[in-house]
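Thanks for agreeing to look at this one with me. I have put my notes into numbered points, so please keep the structure open as you read.

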Amino acid sequence: MDRQQLTEDLPVGGQAVIEGVMMRVPGKIVTAVRAADREILVREEDYESLTRRLRPLGLAGMRGAISFF
């Protein structure tokens, strides 16, 4: 499997957090941070978006209105 195929097939999003990073893929959120003793702490959680739990919120107009507010 080549590198380009891996990046196209894996929808990963990320965001910086203080002394670490949060990454999200469908169904999971993982946060890794550096503790005061320089150890890396990792927390993994199951995740289902609000628009998947409540289908009407996934409609284009509703998504925009919710994001706006």
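1. Let us begin with a small detail: which backbone nitrogen lies 3.1 Å from a polar atom of the side chain of Asp 37? It belongs to Glu 39. Please bear in mind that this is a predicted model, and that the distance comes from its atoms. Asp 37 itself sits in the loop between β3 and β4. With a relative accessibility of 56%, Asp 37 counts as exposed, because the cut-off for that word is over 50%.

2. Staying in that loop, have a look at Arg 38, which also lies between β3 and β4. Its phi is near 75°, a positive value in a residue other than glycine. Arg 38 is exposed too, with a relative accessible area of 60%. The hairpin in which Arg 38 takes this phi has five residues between its strands.

3. Now to the two strands on either side of the loop. Strand β3 covers residues 28-34 and pairs with β4 in the antiparallel sense, over seven bridges. If you would like a place to start tracing the pair, find Lys 28, which stands opposite Asp 46 in β4. How many of the seven residues of β4 (residues 40-46) are buried? The count is zero, and the strand is hardly covered.

4. Stepping back, here is the overall plan. The chain holds three helices and four strands. Read from the N terminus, its elements run α-β-β-β-β-α-α. Of the 69 residues in the chain, 6% count as buried.

5. The four strands come together as an open sheet, in the order β1-β2-β3-β4 with antiparallel pairing. Why is one side of β1 and of β4 left without a neighbour in the sheet? These two strands stand at the edges, and each has a single partner strand, so nothing in the sheet flanks the other side. From one strand to the next, the twist averages 15°. As general background, the strands of a sheet pair through backbone hydrogen bonds, and they may do so in parallel or antiparallel fashion.

6. At the β1 end of the sheet, five bridges join β1 to β2, and the two run antiparallel. Here Gly 13 stands opposite Arg 24 in β2. The loop between these strands contains Glu 19. Glu 19 has a phi near 60°, which is positive in a residue other than glycine. With a relative accessible area of 54%, Glu 19 is exposed.

7. Finally, let me point you to the largest pocket, which has a volume of about 200 Å³. Which elements each supply at least two residues of its lining? They are β2 (20-25) and α2 (50-53). Gly 13 and Arg 24, the facing pair from the previous point, are both among the lining residues. Others in the lining include Pro 11, Val 12, Val 25, Pro 26 and Gly 27, as well as Tyr 47, Glu 48 and Ser 49. Thr 51 and Arg 52 line the pocket as well. Sorted by class, the lining has five nonpolar, four polar and three charged residues.

Key: Residues numbered from 1 in each chain as written. Predicted model: local features only at pLDDT ≥ 70, side-chain atom pairs only at ≥ 80, totals over all residues. Heavy atoms only, no water. 1 Å grid on protein atoms, 1.4 Å probe; cavity = no way out; pocket = protein on both sides within 12 Å on 5 of 7 lines; lining within 4 Å. Points joined across faces, edges and corners; volume = space filled by probe spheres on them. Nonpolar A, V, L, I, M, F, W, Y, C, P; charged D, E, K, R; others polar. Buried < 20%, exposed > 50% of the residue type's maximum accessible area, 1.4 Å probe, protein only. Pairing = 2+ DSSP bridges. Polar contact = N/O pair within 3.5 Å; in protein donor to acceptor, adjacent residues only side chain to side chain. Axes fitted to C-alpha atoms, helices over the stretch in contact; angles between N-to-C directions.
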